[in-house]
Amino acid sequence: KQLPPELEENTPCDIIASKDGIIEEIIALRGEALVEPGQTVSQGDVLITGKITLGQDVYNEEKEGSNTLLVHAQGIVKARVWYQKAVKVPLVEVKKTPTGNSKKSVIMQFQNHIFNFQLGDIPYSLYDKKTLKELDILPILGGGLKLSIVEYIEMETTKEFLGVEKASREAEAQLLSQLEDVSKDDEITKRKMEFMLDSNEQAVIGSMIIEVVEDIGQKKEIQ
C-alpha cells in the first residue's frame, strides 16, 4: 500500500476515505466525525472534518467562515472493505527439465566488446544459461577486462496432466499466497473461494473474495 505524503501538524486537513467500505469504528481525536458505524462510504468522502463550527449563528448563516476553526484532523476510521483476486492454472503443466547434457564456454568482455570462446556452436535448441565463475582480470581504469565461465544446460519439455482436482489445489495455494499482500495490522473477517473451468475447459480459474477490516482514513489538506 502506497501512503500519501505526510502533512505537517499545523496544516489544516480533513480525513477522507481512501477506498469504498462500510464504517466499522470511528474515533475522532481532533476534528468532527461526519460518519458513523454501519454507514457506507465511497472513496474521497470526508470522514472526519477539520472544519469546526464555533457557535453557529442560525440567523446569519451566510457569514460562513467567520465562526469556523480549521484544525489538523486526526483519528481512527476502520471500515470493512473487500478485495477480489483471481488466478488461472492450466490443466496441463509444461515443465523444463535438464537432459543431463551440457557445454561450457569462456566469455571475455573488454570494454564494450564481448568474445565467446567455445568449441563449435551450441547444439541445443532449448537450454538454460548458467554463469559458473567470473574473474576481473583488469580494473576498470585498465580497460575493464573480465572473463566468465558459462555453462549451457540442455533442457527438454515435459507435460503433466494435473486434472481438475489438482489444478484447483494449485489455484487455492496461489490465492492463499496472495494474502501476504494484506497488512498484518488488518483483520480478515471473511474469505470465499470459487473454482471453475474456463470457457475452453483447458484451465481452472480460481477466484477469492476477502473481507478486511482496516483503517481507511487518509489526510487531505483543506484548500
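## A walk along the salt bridges

Let's start at K88, which counts as exposed, with a relative accessibility of 54%. The cut-off for that label is over 50%. Keep in mind that you're looking at a predicted model.

So who does K88 pair up with? Its partner is D198, and the two side chains meet in a salt bridge, 3.7 Å from N to O. K88 sits in strand β8 (residues 74-90), while D198 lies in the loop between β13 (187-197) and β14 (203-215), so the bridge ties together parts that are 110 residues apart in sequence. The two ends have quite separate surroundings: D198 is buried, at 10% relative accessible area, because anything under 20% gets that label, whereas K88 is exposed.

That pair has company, as a search of the whole structure finds 10 salt bridges. Another one joins D128 to K96, and here the closest N and O atoms are 3.0 Å apart. This pair also links distant parts of the chain, with D128 in strand β11 (residues 127-136) and K96 in strand β9 (residues 92-110), 32 residues apart. Are these two buried or exposed? Each falls in between: D128 is partly exposed at 30% relative accessibility, and K96 is partly exposed too, at 45%.

Now hop over to E194, whose side chain meets that of K192 in a salt bridge of 3.6 Å, N to O. E194 counts as partly exposed, at 40% relative accessibility.

Last stop: a little group. E24, R80 and E211 are joined into one network by salt bridges that share partners.

Note on methods. Residues are numbered from 1 along each chain as its sequence is written. This is a predicted model: local features need pLDDT of at least 70, side-chain atom pairs count only at pLDDT 80 or more; totals for chains, interfaces and linings use all residues. Side-chain values use heavy atoms; hydrogens and water are left out. A salt bridge is a side-chain nitrogen of Lys or Arg within 4 Å of a carboxyl oxygen of Asp or Glu. Helices (H or I, at least four residues) and strands (E, at least two) are DSSP runs, numbered from the N terminus. Buried means under 20% relative accessible area, exposed over 50%, partly exposed in between (1.4 Å probe, protein chains only).
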